[in-house]
Amino acid sequence: MPIQHFAPPPHVKAPPLSFATRVGNLLFVSGIPGFDANGALPDGFESQFANVVVNIKRVLVDAGASMHDLVKVNVLLTRASDVAAMNALYAGAFGPPPYPARTTCVVQALPDPKMLIEIEAVASLSK
């Protein structure tokens, strides 16, 4: 079974990785931080969350999928105080129900100290 790789957008300075990899009917989306269209990381949690969603949607569209195809999401936060805001924003961005399975972790740090959130996901492309 061939593996298809999806590169990061040109404006994002990314480590050596694919933004997503498709094998069979599964699409594995790498952890996506909240960089904006210019490759900058805004200060606020809500702005970073919105950018994460835009970037995930772009990867999904490139692979022929949508948010409704997500089956598993992992959310990494650097501040426990953002959990409530994340849940509210998540409901709008990843809904309507049923939502994908999800794990949310509060971690000590992400690769850039300004990163407040990173989301990785798995989508089923069997439709």
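What percentage of the 127 residues in the protein do buried residues make up?

## Burial and overall dimensions

Buried residues account for 39% of the 127 residues in the protein. The model is a predicted one, and the values reported here are computed from it.

A compact globule with 127 residues would have a radius of gyration near 14 Å, and the protein agrees with this, having 14 Å. Taken along the principal axes, the box filled by the C-alpha atoms is roughly 40 × 35 × 25 Å.

## Secondary structure and contact pattern

Two helices and six strands constitute the secondary structure of the protein. Read from the N terminus, the order of elements is β-β-β-α-β-α-β-β.

Contacts between residues at least 6 apart in sequence were also examined; of these, 65% join residues at least 24 apart.

## Surface and charge

The exposed area of the protein is about 6,700 Å², of which carbon and sulfur atoms supply 59%. The side chains include 9 positive and 9 negative ones, and the centres of these two sets are 5 Å apart.

## Glutamine 48

Glutamine 48 is located in helix α1, which spans residues 45–62. Its relative accessible area is 0%, so glutamine 48 is classed as buried, the cut-off being under 20%.

Two polar contacts involve the side chain of glutamine 48. One is with the backbone oxygen of proline 42, at 2.7 Å. In the other, a polar atom of the glutamine 48 side chain lies 2.8 Å from the backbone nitrogen of leucine 116. Both partners recur in the contact list of glutamine 48, which leaves aside neighbours within four places in sequence and comprises Gly34, Leu41, Pro42, Asp43, Lys114, Met115, Leu116 and Ile117.

## Glutamate 118

Glutamate 118 belongs to strand β6, formed by residues 117–124. With a relative accessible area of 16%, glutamate 118 is buried because this value falls under the 20% cut-off.

Between the C-alpha atoms of glutamate 118 and valine 52 the separation is 7.2 Å, although their positions lie 66 residues apart along the chain when counted as sequence distance. Neighbours within four places in sequence being left aside, the residues in contact with glutamate 118 are Gly31, Ile32, Pro33, Asn74, Val75, Leu76, Leu110 and Pro111.

Methods. Residues are numbered from 1 along each chain as its sequence is written. This is a predicted model: local features need pLDDT of at least 70, side-chain atom pairs count only at pLDDT 80 or more; totals for chains, interfaces and linings use all residues. Side-chain values use heavy atoms; hydrogens and water are left out. Helices (H or I, at least four residues) and strands (E, at least two) are DSSP runs, numbered from the N terminus. The radius of gyration is taken over C-alpha atoms; the globule rule is 2.2 Å times the number of residues to the power 0.38. Buried means under 20% relative accessible area, exposed over 50%, partly exposed in between (1.4 Å probe, protein chains only). Contact means heavy atoms within 4.5 Å. Accessible areas come from the Shrake-Rupley method with a 1.4 Å probe; for residues, only the protein chains shown count as cover. Lys and Arg count as positive and Asp and Glu as negative; His and the chain ends are not counted. The place of a charge is taken as NZ of Lys, CZ of Arg, CG of Asp or CD of Glu. A polar contact is a pair of N or O atoms within 3.5 Å; within protein, one must be able to donate a hydrogen and the other to accept it, and residues adjacent in sequence count only if both atoms are side-chain atoms.
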